[in-house]
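User: Please show me how to read a few local features of a protein model, taking each general idea before the case itself.

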Amino acid sequence: MKLALSMLCENPERRTGLSTLWPEFVRHALGQYPEVRWVVFAGPRQPWEVDDRGVEVVRDFPANDRRWARLRADHFSVAAVARARGTAALLTVGFMPARTAGLPIVMHVFSLHHRRSGGFGALYRRWASARGLRRASLVIVNSQWTAAQLGVIAAPVLVSPEGVAHERFQPDGRRGADGLPPGYLLWVSNFYRYKRAGLAVAAYARLPAELRRRFPLVMAGGDWEGGLERARQTAETLGVGADVIFPGWLPDAALPGLYRGARAHLLPTAEETFGRSVAEAMACGCPCVLQNLPVLREVAGEAALFVDFTDVAAAAAMLRSVCVDDALVAKLGELGRMRAQRFRFDVLARERVGEILRVLGKARP
C-alpha cells in the first residue's frame, strides 16, 4: 500500500525542525514497514534526502515560498493527485484539505502559538486547525501537553514524541564549529518572536565580564521578520555586543558539533509543542537551561535546569551556575544523554505508521 505526505507547508529558503523530521520519518518508516510505500509532495526547490525506490517525490506544486499558490495546491489539488497515485491516506501538517478526494486525512499538530497571535495567517491557521480537528481520521501530536491543549475533539489522537537521529547527535565527535571559540553558551533557532532571543541576551548581559569573556553567547539561526537585527540591537544596547556571536544559520551537519562544543543550550521560548533542540542537545551531552514550561519539563524531566527568563536576575543566576559549576555541567550532561534515549525515530515511525494502519483497518496481524 501507499501513504502520501505533503511537506509543501515548508519554505525551502528556511530550514526548520520539520525539514529534518520528514526525511527521517520516511527513512525509518521504510525500514519498519517495507510493505508501505510513500508519495511525498515537495516543492521544486525543497531538499529531499531519501533516495529509495519505495518513495515517489512529486514536485508539481509550489512550497511555502509561494504561499498562496501552495495553499491552493494543498487544499484543492494534492489529495486528488495522491488518490490517482493509489495512496490510502494523506498526511498533512495543521490542516484538512478543502477537497480530500475521499482520502482519509492524518493531521499532524506541531504548533499552537497561532491561537494567541493576530493577522490573517494566524486566522487561517486557527480555521484550518479547528476544521482538521473536527474532520481528520487521525490527529498526531508530539507531546502529552499538546494533546491536552486540544481539548475534546472528534478525531482520535496519537501522542508520539519527536525523534532524534542518534547516529548524528551523540556525545562523541567534533566539538564546536568553524570560527567559534571553544566553550560558549548556545541559543539556536530561527529568530521567531516567540523564541524570545532578547531574553537570552538580557540574562547573559547580567553575567560578570570575566564570565562573558570565557563563555561568549552564540546565537545561531536564520532571520525571521527582523528578529536577528533586534537581537543584535539588544546586545549592543546592553553593552555586550562584543561578547555575542551571530554566525547565521549553520548547515544541519554542523549542529551536533555545535551542541557538543557548548557549555549549555539556552531556550527562553514562550511556547513549544515539544522542543526538538532540547532533545538534540541532551543527546550530545549538552546541558540545557530552559524556560519553565510544562512541555519542556515533559521532555527534559530532571535532566535540565528551568527558570522563568522574564525574571532576568533569576535567569542570569542560572546561567552563572552553569558557567562556574563543572560538577553540575557534568551531571546534567550525563542525565541528558540518558533522557535523550527516549526519543528515537525508529520508535516514532513504528508508532505513527502503526496507528495509521490501524485506523485504516490495515494493521499487521
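Analyst: The discussion below takes up burial, contacts and a backbone angle. This is a predicted model, in which local features need pLDDT of at least 70, side-chain atom pairs count only at pLDDT 80 or more, and totals for chains, interfaces and linings use all residues. Residues are numbered from 1 along each chain as its sequence is written, and side-chain values use heavy atoms, with hydrogens and water left out.

User: Is H166 buried or exposed?

Analyst: Buried means under 20% relative accessible area, exposed over 50%, and partly exposed in between (1.4 Å probe, protein chains only). H166 counts as buried because its relative accessibility is 13%. H166 sits in the loop between strand 7 (157-159) and strand 8 (185-188); strands are DSSP runs of E, at least two residues, and helices are runs of H or I, at least four, numbered from the N terminus.

User: Which residues does H166 touch?

Analyst: Contact means heavy atoms within 4.5 Å. Not counting residues up to four places away in sequence, H166 touches A283, A340, Q341, F343 and R344. Towards A340, the H166 side chain reaches the backbone oxygen at 3.2 Å.

User: How should phi be read at R196 and E225?

Analyst: Most residues other than glycine have a negative phi. In R196, phi is near 55°, a positive value, and E225 also has a positive phi near 55°. R196 lies in the loop between strand 8 and helix 6 (197-205) and is partly exposed, because its relative accessibility is 23%. E225 belongs to the loop between strand 9 (217-220) and helix 8 (227-237) and is exposed, at 58%.

Definitions and conventions: Polar contact = N/O pair within 3.5 Å; in protein donor to acceptor, adjacent residues only side chain to side chain.
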